[in-house]
Amino acid sequence: MNNFSYTQAASTKEATAAKAADKQAAFIGGGTTLIDLMKSDIEEHSLLIDINRLSMLGIENPATGLRIGALERMSDVGEHPLVVQNYPVISQSLLASASPQLRNMASMGGNLLQRTRCGYFRDTAFPCNKRVPGSGCPAQTGDNRTLAILGGSTSCIATHASDLAVALVALEAKLTLESPKGTTRTVPLADFYKLPGSTPNIENHLAPGELITAITVPAAAHARKSHYLKVRDRASYAYALVSAAVGLDVQGGTIRSARVALGGVGTVPWRVPAVEKYLVGKPATEDNFRAAAALAVRDAKPYEHNKFKLELAQRTIVRALLEVA
Amino acid sequence: MEPQFFDQPGGFVGQPIVRVEGREKVTGKAKYSAEFPLPGLTYGVLTTSTIAKGKIMSIETAAAAREPGVIAVLTHQNLPKLVKTPNTPEGKKDTGSQMGFMPLTSDEIFYAAQPVALVVADTLDHAIHAAKLVKVTYQKQEPIASFHDPKAELFDPQKIQDGKADAHTKRGDAKGAFASSAIQLTATYNHPVYNHNPMEPGSTTAVWDAPDRLTVYESTQGVTRTQSTLSAMLGLPREQVRVITKYLGGGFGCKGSMWPHTILTVQAAKAVGRPVKLMLTRPQMFTSMGHREDQAQTVQLGATAEGKITSIVHTKTSTTSPWDNYAESNSKILDMLYATPNFEASYELARANVMTSTFMRAPGEAPGSFAIECSMDDLAYKVGVDPIEIRLRNHADHDYSTGHPWSSKSLKQCYARGAELFGWSKRNPTPGATRDGRFLVGMGMASASYPVHNSQGTARARLYADGHAVVQSGATDLGTGTYTVMTQVAADALGLPLEKVRFELGDTQLPTAPNSGGSVAAGTVSSSVYLAAQDVWQKLIKMAVVDKKSPLYKAKPEDVATEKGRLFLKKDPKKGEAFGDLMKRADMTDIEGMAQGKYGAGYEAASAAANADPAHKDEAAQHAMHSFGAHFCEVRVDMDLGTIRVSKWVSVMGAGRILNAQTARSQIIGGAIFGIGSALMEETVRDQNFSRYTNADLASYHVPVNADIPNITVEFVEEHDPFINAMGVKGIGEISMVGVAAAVGNAVFHATGKRLRDLPLTPDKVLMSGMNS
Ligand SMILES: Cc1cc2nc3c(=O)[nH]c(=O)nc-3n(C[C@H](O)[C@H](O)[C@H](O)COP(=O)(O)OP(=O)(O)OC[C@H]3O[C@@H](n4cnc5c(N)ncnc54)[C@H](O)[C@@H]3O)c2cc1C
Ligand code: SF4
């Protein structure tokens with residue numbers, strides 16, 4: 001770990017300006033993953049800009065949808081009655097993440113920018129294209145049990161680790177970003193993340209100095225009937241082997257709209273429009289869920305130790321859909 | 001005769017006494033080894049190798065040395081030389097080191113994360129930063145990662161465990177008997193690397209009190225063993241090396257021997273002329289204090305059509321380091337657990353670029369029991385009888401591995417009581433036939449056994465005339481309750497209230513005690529403490545019978561008994577006096593007793609004197625001494641998603657005298673959790689190309705969390721064993737996890753009809769097993 005400076009930003013303007021002025025600077029929210037990355041020498045930052053005093057707070061649910069400030073803590077959002085009632089998949093994805101202590105500290109914005117748990121990425125003694133571009137990807141022929149079967153490249157097959165992001169991508173959430181110039185823009189979360197391609201070190205489309213200030217989620221019937229199912233190596237406090245975020249709007253036995261996204265299988269949170277499309281207009285039956293789920297892994301490329309994910313992904317989708325059917 | 005105070009009303013032994021050190025611990029006053037604030041303390045941090053095999057071409061230390069606060073950057077080029085290293089077979093023997101190699105003695109790299117430099121600085125932060133600035137260039141060679149590696153060469157080690165155990169065992173004609181058996185079962189079991197991961201990482205604080213006098217605050221399971229290794233390596237008399245461990249945050253075997261970081265810290269302190277503290281990081285814990293080796297074992301079980309075992313043939317293949325022939329001896333439990341007339345076992349090893357593996361909770365018995373107890377389950381289904389019945393049919397009425405009778409054995413009672421507590425009779429015998437909603441429900445059981453190992457230790461008791469006492473033994477409390485149980489034994493043996501007794505441990509200046517390992521501490525130390533108290537009483541009785549003012553004047557010493565601090569005539573208990581009166585008359589403030597507690601010196605012989613008479617010891621040695629027990633497990637398996645949850649657990653143990661019902665229960669619960677972890681989730685993954693671990697942290701090396709563990713029911717069968725030691729205590733630290741993984745595996749088979757033999761049983765394996773049908 002290197003020496004670094006620390007500053008507390010009093011306004012979003014101050015924060016983004018400080019970040020724009022120093023390429024090696026980082027915002028610090030809860031710090032639950034940033035500090036780990038710095039201690040393990042995976043990331044080096046000259047300056048930490050503490051954003052915790054900024055007023056990026058609030059959990060509101062007007063008719064148009066949910067708005068969550070980027071600094072809201074995972075536990076507060078996960079337990080908020082508005083979220084529990086109207087967006088259960090978001091609440092469940094949060095409460096199935098990490099541990100209570102971490103959730104009390106961790107922010108929503110920080111969660112979406114957490115980095116992969118690929119073991120090669122997390123140990124600087126290994127080569128890793130994501131950490132050191134061009135050094136190689138030992139995971140392709142190594143320990144890839146937990147890694148991606150979708151969206152990978154010969155450069156990188158690391159999964160995106162956030163549970164929250166899977167739920168948000170399913171519900172077509174958008175990020176509000178503020179630039180150093182003071183302008184804001186909104187980006188669908190699904191477009192925010194970048195596939196690894198030949199540059200796995202670039203993980204998203206955040207512009208230099210940009211700050212996530214809020215997350216918005218459109219109101220929808222399928223959001224109220226939604227569910228997050230996470231399959232993991234132990235009952236709690238583990239990342240997903242496979243997870244599914246689903247939402248269904250079923251009227252008179254027929255599916256009017258469906259949302260399905262997968263975690264633990266993609267290099268980014270993996271929405272599966274083909275599955276959704278297949279479901280719409282069909283009766284909400286297990287057979288239909290099964291047929292739809294098969295479409296989720298059509299383009300998958302499994303590796304030596306993660307072949308099980310082909311099957312597990314489908315079954316996780318089916319089981320999650322049954323929960324909300 | 002059993003120690004007289006046992007089962008007396010008002011006695012402390014056996015009672016669920018809360019930990020005497022509990023308040024110190026929860027208020028943070030208890031000082032663990034890294035918590036001694038010493039004047040002038042400096043901090044050591046290791047730089048470790050990024051490759052697993054090769055040579056150091058150059059080490060750039062200048063940048064690190066220039067950093068503020070850095071006092072020294074030590075490498076193989078400038079670390080003070082040791083008088084003796086374990087790098088040769090004689091050196092290894094003399095030092096008692098687990099690993100036959102000492103880093104920083106040459107430019108060679110044998111394993112990933114091998115220490116290559118040690119930076120000492122005025123603060124931990126400075127040291128961490130500087131350690132990163134040490135730049136090493138290597139000449140890389142292709143490593144061998146394990147016995148699975150196609151490049152690995154398998155060999156017959158002849159002996160395993162540093163020559164302590166044979167790599168071949170043979171009784172009768174096992175292969176012939178197997179070939180002609182009505183039932184022949186062959187199965188292979190695979191085990192990953194496991195790491196102990198105690199909560200407290202290894203740490204050393206070394207202080208040179210004089211150029212030839214050393215004090216080390218160490219996290220070790222045995223101050224004596226650390227002292228002897230250090231004194232051999234440094235060429236110092238033992239009494240000039242003091243090792244202190246007042247509290248330990250768990251060990252599970254990885255703190256049972258001294259590892260390189262300890263001596264490196266000592267040498268660093270020598271080099272800088274100031275005390276140095278080094279604490280391993282969590283990732284370093286995976287590559288600094290050993291591990292349970294990756295292994296495969298094959299069991300051939302021959303039986304008659306009725307399920308009576310005719311033969312067992314066992315082979316084990318495992319990975320070892322470039323220097324040592326270490327393999328835990330799995331075969332011992334297969335040799336003795338059942339009435340097996342023909343037995344054969346052999347080991348083969350492959351050298352790989354890994355550090356030396358070491359004993360980990362129930363070394364040998366843990367994986368060995370998985371193999372035999374799953375195979376016994378197979379046999380039960382094959383014959384079509386209940387898993388308990390198949391075990392009863394093969395019950396060993398004596399120890400077939402030695403031919404000796406048991407000193408005591410309550411296995412049948414454990415089966416019966418366990419079955420009752422668990423509700424075993426409700427079990428549908430057909431596998432895959434019990435459902436609860438989406439879950440397949442399964443019930444499995446397994447036997448447990450662990451030997452009482454040979455061991456001795458000493459204790460001193462000082463009784464004060466005013467009615468309090470200090471009792472000492474250089475033992476270790478791993479966090480399991482040694483302070484508490486020894487206080488209980490001392491209080492009962494001296495006839496004092498608990499709060500009047502202080503028990504001290506964890507210091508080589510105290511009477512020598514064995515390592516807390518192999519489940520020997522409770523039995524050996526409690527026996528020494530009890531006998532030291534007896535020594536006090538014998539001295540007092542001798543004083544009384546020559547003291548004219550004593551009511552016991554002129555009595556024969558053997559006619560005098562003691563109870564609750566009073567000396568009296570056996571025939572006329574009213575005639576006697578309190579020890580305080582006797583001592584005050586003699587102007588004595590205190591009196592000391594000292595004794596050695598020994599394995600095999602059972603209480604039959606111990607009542608009269610501190611030492612067992614040799615004849616009795618021989619008789620004891622003619623007995624096989626083991627704890628036995630049974631575990632019962634219920635699982636719920638979600639076959640679609642591959643997840644297994646343990647939903648019910650019962651362990652019943654027969655383990656001799658139980659010293660404290662509460663701490664003993666905690667030990668059994670801890671062992672069950674440890675075993676459930678090994679069965680379902682624990683695994684250190686070694687990359688096969690780099691021979692380096694990919695999950696060396698507690699986020700990805702999964703140990704059970706609360707949500708993985710149901711309520712655990714524990715019971716002990718009352719057992720009186722006159723042969724083991726003066727207290728009749730067998731020890732429970734390891735038997736608690738023997739058979740646990742098998743009980744889980746057997747429950748999974750009963751639930752699903754799928755026999756899974758590759759640990760851990762993670763969702764991928766469960767799911768794939770369902771697809772292969
Ligand atoms: C042991 C462990 C287990 C875990 N298990 C899970 C799990 O099961 N599921 C899961 O989803 N997560 C899990 N996590 C990850 C956890 O959810 C994240 O650590 C947490 O959400 C990060 O939030 P933070 O506020 O602490 O982020 P920080 O550590 O403060 O920051 C993370 C990153 O985001 C950037 N950042 C933070 N806020 C903003 C902002 N507003 N705008 C722009 N950039 C920003 C920082 O610069 C940094 O790069 C686990 C973490 C640990 C340590
Ligand atoms: S999968 Fe990605 S993160 Fe993992 S080693 Fe390969 S490049 Fe690095």
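Start inside chain B of this predicted model: select domain 1 and domain 2, and you will find their centres, taken over C-alpha atoms, separated by 37 Å. To make the two selections, colour 22–30 plus 453–599 of chain B as domain 1, and 396–452 plus 623–771 as domain 2.

**Stop 1: where the two domains of chain B touch**

Now zoom in on the contact between them. Domain 1 of chain B brings 20 residues to it, and domain 2 of chain B brings 18. Together the two domains bury about 1400 Å², with 59% of that area coming from carbon and sulfur atoms. Show B:His453, B:Ser519 and B:Tyr599 as sticks: these three supply 37% of the area that domain 1 buries against domain 2, more than any other three residues.

What holds polar company across this boundary? Look for residue pairs in polar contact, and the count is 9, with both partners at pLDDT 80 or more. Don't hunt for salt bridges between these two domains, though, as the rule finds 0.

Next, highlight two helices on the domain 1 side, α13 (482–494) and α14 (521–545) of chain B; each gives two or more residues to the side that touches domain 2. Of these, α14(B) deserves a colour of its own, since the largest share of that side, 7 residues, comes from it. Colour the domain 1 side by residue type and you should get 6 nonpolar, 13 polar and 1 charged.

**Stop 2: from chain B across to chain A**

Zoom out and bring chain A into view. Select the residues where the chains meet: 33 from chain B are in contact with 34 from chain A. The area buried between the two chains is about 2900 Å², and carbon and sulfur atoms give 57% of it. On the chain B side, click on B:Lys132, B:Leu641 and B:Thr694, which lose the most area to chain A and together make up 20% of what that side buries.

Stay with B:Lys132 for a moment. Which residue of chain A does its side chain meet in a salt bridge? Show A:Asp41 and draw a distance from N to O: the value is 3.4 Å. That pair belongs to a boundary where the rule finds 6 salt bridges between chain B and chain A. Switch on polar contacts as well, and the count between the chains is 16 residue pairs, both residues at pLDDT 80 or more.

To see which parts of chain B do the touching, select α4 (124–133), β29 (643–654), β31 (692–693) and α20 (763–771); each supplies at least two residues of the side facing chain A. Give α20(B) a bright colour, because its 5 residues are the largest share of that side. By type, the chain B side divides into 17 nonpolar, 7 polar and 9 charged residues.

**Stop 3: ligand 1**

Finally, centre the view on ligand 1 and show what surrounds it. There are 32 residues around the ligand, and A:Phe27, A:Gly31, A:Thr32, A:Ser107 and A:Asp163 come nearest. Why is the site shared between chains? Residues from both chain A and chain B surround ligand 1, so neither chain should be hidden here.

Three distances are worth drawing. Begin at the side chain of A:Asp163, where an N or O atom is 2.7 Å from a nitrogen atom of ligand 1. Then go to A:Ile212, whose backbone offers an N or O atom 3.0 Å from a nitrogen atom of the ligand. End at A:Lys230: an N or O atom in its side chain is 2.9 Å from an oxygen atom of ligand 1.

Technical notes: Residues numbered from 1 in each chain as written. Chains lettered and ligands numbered in written order. Predicted model: local features only at pLDDT ≥ 70, side-chain atom pairs only at ≥ 80, totals over all residues. Heavy atoms only, no water. Contact = heavy atoms within 4.5 Å. Buried area = accessible area lost by both parts, 1.4 Å probe. Salt bridge = Lys/Arg side-chain N within 4 Å of Asp/Glu carboxyl O. Polar contact = N/O pair within 3.5 Å; in protein donor to acceptor, adjacent residues only side chain to side chain. Helix = DSSP H or I, 4+ residues; strand = E, 2+ residues; numbered from the N terminus. Nonpolar A, V, L, I, M, F, W, Y, C, P; charged D, E, K, R; others polar. Domains from an automatic or database assignment. Near = heavy atom within 4 Å.
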